[in-house]
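Student: I would like a close look at one part of this structure, and then at what surrounds it. Please go step by step.

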Amino acid sequence: MVLEKLGSSLYDAIRKVIRAPIVDADLVKELIRDFQRALLQADVKVQLVMELSQNIEKRALDEELPPGISRREHVVKVVYEALTRFVGEKPMPLEIMPGRQNVLMLIGIQGSGKTTQAAKLARYFQKRGLKPALICADTFRPGAYDQLQQLAESINVDFYGEPGEKDPVALARRGVKEFGDHEVVILDTSGRHKEEKSLIIEMQQIARAVKPQEIILVLDGTIGQQAAAQAMAFNEATDVGSIIVSKLDGSARGGGALSGVAATGAPIKFIGTGEKIEDLEAFVPSRFIGRLLGMGDIEGLVAKVKEAEVQVTDKDVNAMLSGKFTIADMYQQFETMRSMGPLQKVLSMVPGLNYQLPQSDLDVAEERLDRWKYIIESMTVEERENPKILNASRTKRIARGSGTEEREVRELIKQYNAMRKMLRQLKGRRRMLQRMPFKLR
Ligand code: GDP
Ligand code: MG
């Protein structure tokens with residue numbers, strides 16, 4: 001199982017789309033293959049993977065593009081929406097039945113963040129006008145009692161524990177009985193090191209004894225590939241009703257959590273975003289997928305894709321228009337083009353410039369970027385700065401070094417000269433335009 005990689009391989013697949021010079025049917029099919037591989041490796045059920053990927057492929061290729069939206073943006077949006085549907089379209093609240101006792105039992109391995117999230121949950125319900133109580137049923141770890149007691153005290157929440165008691169099942173039963181008049185009773189349990197058999201059995205026994213309203217699995221958002229194994233082990237023993245992913249405040253993207261969802265079929269309901277008691281957030285699927293795909297908050301995904309393009313373009317157009325244009329700059333251009341689309345688009349973003357490159361030039365530029373990049377990579381620094389020195393023997397050497405033909409090297413130089421000329425012309429017009437108050441957008 002390569003679950004940790006789920007997040008990063010989905011991320012790579014999406015980036016491929018964002019950076020590709022052209023988004024066509026082939027690229028979409030490649031994306032679908034990457035996507036399937038990532039999900040299957042993460043133990044997502046085959047049937048679900050097929051459903052998801054068929055849906056993506058169909059929408060990505062068949063749907064008509066809304067005005068102003070490129071195929072690229074559309075594809076990214078479709079993938080994002082499919083994944084969001086997978087983790088749950090809408091935030092799922094933790095439902096508390098009013099007027100009776102609701103026992104919430106937290107399970108998970110040691111260090112996953114159970115005790116911390118228990119206190120955070122208590123605070124969460126307290127703020128919503130309910131009367132929570134905390135029970136420490138961790139009879140394994142020394143200090144567990146003190147830890148939860150102090151947390152409970154700091155938020156003024158009723159607490160039950162029995163220091164020295166060895167039987168967590170009996171303790172849990174007594175605690176739940178003690179808090180018969182509390183609406184939300186949060187039961188913290190012990191963790192051990194990993195999915196030990198004895199721990200799993202203990203969880204089973206406690207669950208049978210106190211019949212919790214909901215069993216909540218706490219998964220450490222930073223653990224990656226162990227998440228699925230953990231989730232599966234706990235889910236076999238007890239009926240995991242929901243998941244809290246802790247420690248999502250750092251750089252963790254939470255790919256493992258997605259596997260946890262896949263392994264249990266239980267929705268994520270909260271995320272822990274820090275060590276403090278207030279650091280608990282209701283889970284928002286779109287935000288989580290955005291993070292998973294490495295795109296921050298994806299709520300405005302399409303807008304973001306656009307913005308990213310424009311940001312690069314702004315800087316880039318300025319560099320292009322600044323006058324000096326070497327082969328090294330050209331290489332840079334090729335890199336940029338690959339990441340954001342056709343040169344025409346770059347030029348069309350300069351207000352007031354309606355410069356049209358012949359379509360044939362654009363096609364050539366797009367199709368040959370890679371070969372040209374190899375050629376440039378085979379040039380010396382001197383040659384890149386001063387292409388005039390490229391004589392027959394240098395041309396021959398570069399062609400051999402880059403695995404291309406001499407003809408192609410000469411073509412590249414020709415193209416370079418054409419681009420330079422074009423940019424000179426643009427520069428002249430830019431000067432005129434600079435008198436007008438405009439901003440590159
Ligand atoms: P337990 O063994 O499962 O009860 O885990 P604890 O609640 O004792 O937490 C283990 C460690 O993780 C502690 O140092 C906590 O402060 C830390 N922790 C828990 N939740 C979060 C979180 O959401 N963010 C961060 N940064 N740390 C957390
Ligand atoms: Mg604990």
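Tutor: Start with a term: two strands pair if DSSP finds at least two bridges between them. Keep in mind that this is a predicted model.

The part to look at is strand 2, residues 132-137. First, its cover. Six of the six residues of strand 2 are buried. A residue counts as buried under 20% relative accessible area. The cover is on both faces of the strand. Pro132, Leu134 and Cys136 are buried on one side. Ala133, Ile135 and Ala137 are buried on the other.

Now its partners. Strand 2 pairs with strand 3 in the parallel sense, over three bridges. Leu134 stands opposite Phe159 of strand 3. Ile135 has Tyr160 as its bridge partner in that strand. Strand 2 also pairs with strand 4, again in the parallel sense, this time over six bridges. There, Ala133 has Val185 as its bridge partner.

Next, the whole sheet. Eight strands form an open sheet with mixed pairing, in the order 3-2-4-1-5-6-7-8. Strand 2 thus sits between strand 3 and strand 4 in that order. The two edges are strand 3 (158-160) and strand 8 (280-282), and each of them pairs on one side only. Neighbouring strands are turned against each other by 25° on average, direction ignored.

Helices pack on this sheet too. Helix 8, residues 197-210, touches strand 1 (102-107), strand 4 (184-189) and strand 5 (214-220). Strand 4 is thus a link in the picture: helix 8 touches it, and strand 2 pairs with it. The direction of helix 8 makes about 180° with that of strand 1. Helix 9, residues 226-237, lies across strand 1, strand 5 and strand 6 (240-246). It runs at about 160° to strand 5.

Two loops deserve a stop. One lies between helix 6 (144-154) and strand 3, the edge partner of strand 2, and it holds Asn156. Asn156 has a positive phi of about 65°, although it is not a glycine. Most residues other than glycine have a negative phi. Asn156 is exposed, with a relative accessible area of 69%. The other loop joins helix 8 to strand 5, and Lys211 lies in it. Lys211 also has a positive phi, near 40°, and is not a glycine. Its relative accessible area is 65%, so Lys211 is exposed too. The cut-off for exposed is over 50%.

Last, the ligand. Ligand 1 is surrounded by 18 residues. The closest are Gly111, Lys114, Thr116, Gln117 and Asp249. Helix 5, residues 114-127, gives the most to this shell, with five residues. Three side chains can be followed to oxygen atoms of the ligand. Thr116 places a polar side-chain atom 2.5 Å from an oxygen of ligand 1. For Lys114, such a distance is 2.8 Å. For Gln147, it is 3.1 Å. On its own, ligand 1 has 580 Å² of accessible area, and the protein covers 80% of that.

Back to the starting point. Strand 2 is buried in each of its six residues, with parallel partners in strand 3 and strand 4.

Terms used. Residues are numbered from 1 along each chain as its sequence is written. Chains are lettered from A and ligands numbered from 1 in the order in which they are written. This is a predicted model: local features need pLDDT of at least 70, side-chain atom pairs count only at pLDDT 80 or more; totals for chains, interfaces and linings use all residues. Side-chain values use heavy atoms; hydrogens and water are left out. Helices (H or I, at least four residues) and strands (E, at least two) are DSSP runs, numbered from the N terminus. Axes are lines fitted to C-alpha atoms, for helices over the stretch in contact, and angles run from 0 to 180 degrees between N-to-C directions. Contact means heavy atoms within 4.5 Å. Buried means under 20% relative accessible area, exposed over 50%, partly exposed in between (1.4 Å probe, protein chains only). A residue is near a molecule or strand if one of its heavy atoms lies within 4 Å of it. A polar contact is a pair of N or O atoms within 3.5 Å; within protein, one must be able to donate a hydrogen and the other to accept it, and residues adjacent in sequence count only if both atoms are side-chain atoms. Accessible areas come from the Shrake-Rupley method with a 1.4 Å probe; for residues, only the protein chains shown count as cover.
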